[in-house]
Every structure is written in structure tokens, then in C-alpha cells.
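Work through the exercises below with the sequence and the model at hand. Each task is followed by a stepwise solution.

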Amino acid sequence: MSDRTINQQPHTPHQAGPQADRHAPHTHAHGSEPDDFAVQIADSVESFVLAVTEVAKGDEPGSAVSLLLLEVSQLLLAGGRLGAIEDVVPEDRFEPDTGPEPDGEQLRERLAVLLAPIDVYHEVFDPYGPPEKPNAFRISDDLAGVVSELQHGLTHYREGRISEALWWWQFSYLSNWGTTCSAVLRALQSLIAHVRLDSPIGAVPDGADTDDDGLTDEQLEQQAGDLMAAELGLGR
């Protein structure tokens, strides 16, 4: 069991009007039936976990990026609903033990193989923080981590600890997976846009100095375009 200390509690977000108040969950007794809000959030979470697991199998590599874009977008809608309501207050000070955490390494490895040419992306961690250089991340690492966090809440939900599940999903959305999914969404959307708009990744801006790499602008564009076309199953 972990002690639910004050600094672990989610910060209270601004209220989003009457609609948010109407759907604001409070507490559920152990074994009680979940309300509509809890059911909808749990359905969204489970759908994401199942979808990412299926995509990672690699049966349809040509549609992997598009499917992940859709699933991450839908999960962020659920996260937005969690962020817009008042703080969920679980019954117990201590979080019940959920047992061994699922091993997400296999999922991470499968995603890494599937997304190998485009797995690494760059992101600024906090747009409201001090200026900083973009950091490198991996879509496979991020998605596997999000799945692991969501599964933790699903364990509580399936065992009838509804308020515990909602508390965990809300807290982890505000503290981690909301930011992670937002970054992954931007990366996936950028990939789709580069291909659909015929704007290859790594295209060199006009006037940029490319002498150091030994490649012309046209060669750089061709390489990046071929890479993305192959990943998305599009002929060039």
C-alpha cells in the first residue's frame, strides 16, 4: 500500500461550468455500481489499451500511425474530462495494493520495431517553463508507459474500487500521461501532415548550409520522403 500524501493529490483545476459540476464524481463505496461518468472513462481507457496492444502486433503496419493518432486523440478527450472536473476523493488514505504491475516491456519492444524509422521525436517539456532545448523521446516508450499507468487504474476499477480508479486516472493524467499523450499526438499528427502534404521529414529550409552532411537538399528530401512513405505504406 502507498500513503496518499498531500503532495500526491491532483491540483484542483478551474471549474468548467455547470456541465463539469454535473459530471463531477465524488466517492464510491467499495463494490458500488459505477456512475455513467466512471463507465465512460473506463471504456475509453480500456479501448485505448486494447487498441495499442493490437497495433503493436504489427498485423497492419501501413495503418499503424493513423490508428495511433486516432486512439491517442480519443484518450485525450477522456483525459480532458478528468482534468475539467473537481478533484476525485477516494475513500481510503492508503492506496490498496493492486499486486504485481503488468510487464510492459514486450509491448514497448513491439512498438519500437513497428515504429523504428520514426520512433524518435523531439519535444519541449513545458511550454510555460523556462526556455529549453527540445529533448528526444520515443513514441514506443511513451505509449507503453501510458498503457502501464492506465492498466493500474483498470485493476482498481475491475475490482470494484471505482473512486480509487478515477482518482488514479485523474492524478496520473494531470501529472504524467496527459503531457505524454499531448506530445505523442503532436508527433503523430506531424507525421501524417508531412506525408499528406508531401512535405518530407528533414527537408532543409531554403538557404540552409548542407555542406557538412555531403547531401543536396533534393537528396535529403528524397530520403525523408521515402522513409515516411514506406512506414505508412504509401507508394512514391
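**Exercise 1: a strand pair**

Val120 stands opposite Arg138 in strand E4. The model is predicted, with local features requiring pLDDT of at least 70 and side-chain atom pairs pLDDT 80 or more, while totals for chains, interfaces and linings use all residues. Residues are numbered from 1 along each chain as its sequence is written, and side-chain values use heavy atoms, without hydrogens and water.

Task: state in which sense E3 and E4 pair, and which residues form the covered face of E3.

Solution. Step one: E3 (120–123) and E4 (135–138) pair in the antiparallel sense over four bridges; pairing requires at least two DSSP bridges. Strands are DSSP runs of E with at least two residues, helices runs of H or I with at least four, both numbered from the N terminus. Step two: Tyr121 and Glu123 make up the covered face, Val120 and His122 the uncovered one. In a regular strand, side chains alternate between the two faces of the sheet.

**Exercise 2: Asp119**

Task: locate Asp119 and find the side chain that it joins in a polar contact.

Solution. Step one: Asp119 lies in the loop between helix H4 (105–114) and E3. Step two: its side chain makes a polar contact of 2.6 Å with that of Ser140; such a contact is an N or O pair within 3.5 Å, and within protein one atom must be able to donate a hydrogen and the other to accept it, with residues adjacent in sequence counting only if both atoms are side-chain atoms.

**Exercise 3: after H6**

Task: give the phi of Asp198.

Solution. Asp198, just after H6, takes a positive phi of about 55°.

Note on methods: Buried means under 20% relative accessible area, exposed over 50%, partly exposed in between (1.4 Å probe, protein chains only).
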